[in-house]
Amino acid sequence: MTGTAPVPFTADDYKARMDRAARQAADAGLAGLLVAPGPDLVWLTGYAPPAVTERLTLLVLAAGREPVLVVPTLEAPDAEKATGAPALALRDWTDGKDPYALTAALLDAQGRFGVSDNAWALHLLGLQKTLPGTSYVSLTEALPMLRAVKDAAELERLAAAGAAADAAFEEIRNVRFSGRRESEVAADLAALLRRFGHSQVDFTIVASGPNGANPHHEAGDRRIERGDMVVLDFGGLRDGYGSDTSRTVHVGEPIEEERRVHDLVREAQEAGFRAVRPGAACQDVDRAARAVIADAGYGEYFIHRTGHGIGVTTHEPPYMIEGEEQPLVPGMCFSVEPGVYLPGRFGVRIEDIVTVTEDGGRRLNDTERGMVTVD
């Protein structure tokens with residue numbers, strides 16, 4: 001099951017994104033945005049350089065000005081083929097020339113600019129040396145919601161990625177766990193994600209028994225035993241958009257406490273989901289899920305935020321955490337993933353990707369949330 005290919009994004013789609021980004025930058029009091037290779041550049045232009053190099057590549061956006069992509073001459077032919085290229089101007093530079101002088105001519109010499117988080121210090125310092133009157137702020141700090149609200153085409157891709165991850169879970173629950181290493185089950189999960197259309201696998205956490213108490217455990221050589229709880233957390237990119245889901249299974253029949261904790265996390269996950277609605281604050285989702293676990297006496301064992309945004313990366317703003325007052329808006333997509341982690345014993349996490357609708361929320365994962373037993 002790979003599904004049908006999504007409708008491709010067009011040059012107009014990328015132009016609309018660049019225009020919106022420039023307007024938001026101006027509204028935030030910035031002279032513009034400087035976007036280096038990475039997820040932001042792909043989202044804004046459709047362009048990903050063929051290789052990561054020390055040569056400067058930078059998209060310059062400013063309200064009322066034509067977007068400009070500064071690229072090395074040897075990579076200009078690839079940039080010209082990007083879907084968003086018709087909506088911007090290319091300025092190329094050859095080895096031996098000063099790319100910072102070229103870029104400086106496009107900037108307000110006293111401006112404050114938002115810079116994509118993965119820009120190289122080498123390039124930022126080079127610009128600052130050329131234009132000492134400029135200042136910079138990270139894009140995540142300046143415009144944290146830039147990519148947060150998805151349009152219909154993006155939601156379609158996220159839903160397809162979620163369905164693919166669900167299909168992988170339905171398959172993995174039928175394989176043998178007992179007697180196999182965590183790394184072997186993780187390899188099975190990665191292969192299933194690829195079979196169901198993922199081009200990139202970002203993580204396949206298989207945390208058995210006491211390893212389940214570590215939320216970011218990396219699958220290792222531990223052999224899974226009968227009686228183990230096993231936390232499965234996996235995801236990646238399908239058609240450029242992310243999946244991320246968690247389910248906790250049990251090898252054989254669980255004992256009463258294991259079932260009780262699993263039921264508690266499922267109840268907390270449901271409470272977090274039901275808190276999703278337009279106008280609610282991100283922290284309301286965290287509070288709803290956390291209250292269920294705290295009221296049951298396990299609050300100290302819920303040791304991470306309730307969720308994170310997802311889009312062209314598997315982790316991005318907004319974050320479902322206490323103190324985040326950003327209102328939820330239709331089109332936002334994020335995880336709801338409470339957990340309980342009992343050191344030295346076991347852990348439980350249940351996670352769905354949820355999108356905000358006009359009157360509530362919609363899950364993009366829909367596999368069994370109750371206790372699943374495996375062999």
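Leaving aside neighbours within four places in sequence, which residues is V285 in contact with? Taking contact to mean heavy atoms within 4.5 Å, V285 meets G272, A275, V276, T306, M320, L328 and V336. Before this residue is placed in its setting, a word on the model is helpful. The model is predicted, so local features need pLDDT of at least 70 and side-chain atom pairs count only at pLDDT 80 or more, while totals for chains, interfaces and linings use all residues. Residues are numbered from 1 along each chain as its sequence is written, and side-chain values use heavy atoms, with hydrogens and water left out.

The overall picture comes next. The protein has 10 helices and 18 strands; helices (H or I, at least four residues) and strands (E, at least two) are DSSP runs, numbered from the N terminus. Its radius of gyration is 23 Å, close to the 21 Å that the globule rule gives for 375 residues, so the protein is as compact as a globular protein of that length. Here the radius is taken over C-alpha atoms, and the globule rule is 2.2 Å times the number of residues to the power 0.38. Along the principal axes, the C-alpha atoms fill a box of roughly 70 × 40 × 35 Å.

Of the 375 residues, 53% are buried. Buried means under 20% relative accessible area, exposed means over 50%, and partly exposed lies in between (1.4 Å probe, protein chains only). Among contacts with a separation of 6 or more, 67% are between residues 24 or more positions apart. The protein exposes about 15600 Å², and carbon and sulfur atoms supply 50% of this area. Accessible areas come from the Shrake-Rupley method with a 1.4 Å probe; for residues, only the protein chains shown count as cover. The mean positions of the 38 positive and 56 negative charges are 2 Å apart. In this tally Lys and Arg count as positive and Asp and Glu as negative, with His and the chain ends not counted; each charge is placed at NZ of Lys, CZ of Arg, CG of Asp or CD of Glu.

Back to V285, which has its place in helix α10 (residues 282–295). With a relative accessible area of 0%, V285 is buried. T306, one of its contacts, is 21 residues from V285 in sequence, and the two are 7.3 Å apart in space, C-alpha to C-alpha.

G272, another contact of V285, is also among the buried residues of α9. The others buried in this helix are E257, E258, V261, H262, L264, V265, A268, Q269 and F273. An α-helix has 3.6 residues a turn, so residues three or four places apart point the same way. How far apart are the end C-alpha atoms of helix α9 (residues 256–274)? They are 27 Å apart, which agrees with the 27 Å that its 19 residues should span at 1.5 Å a residue; the expected span is 1.5 Å times one less than the number of residues.

F273 leads on to V354, since F273 is one of the residues that V354 contacts. V354 is found in strand β16 (residues 352–356) and is buried, with a relative accessible area of 0%. Not counting neighbours within four places in sequence, its other contacts are V276, M332, C333, F334, V336, G361, R362 and R363.

Several loop residues are partly exposed. W120, in the loop between β5 (112–115) and α5 (121–130), counts as partly exposed at 35% relative accessibility. Beyond residues up to four places away in sequence, W120 touches V52, T53 and E54. D151 lies in the loop between α6 (139–142) and α7 (152–172) and is partly exposed at 33%. D151 and P330 are 179 residues apart in sequence and 9.5 Å apart in space, C-alpha to C-alpha.

Two backbone details complete the account. Most residues other than glycine have a negative phi, and most peptide bonds are trans. D239, in the loop between β8 (229–238) and β9 (241–242), has a positive phi of about 50° although it is not a glycine. The peptide bond from P317 to P318 is cis, with omega near 5°, and P318 is found in strand β12 (residues 316–320).
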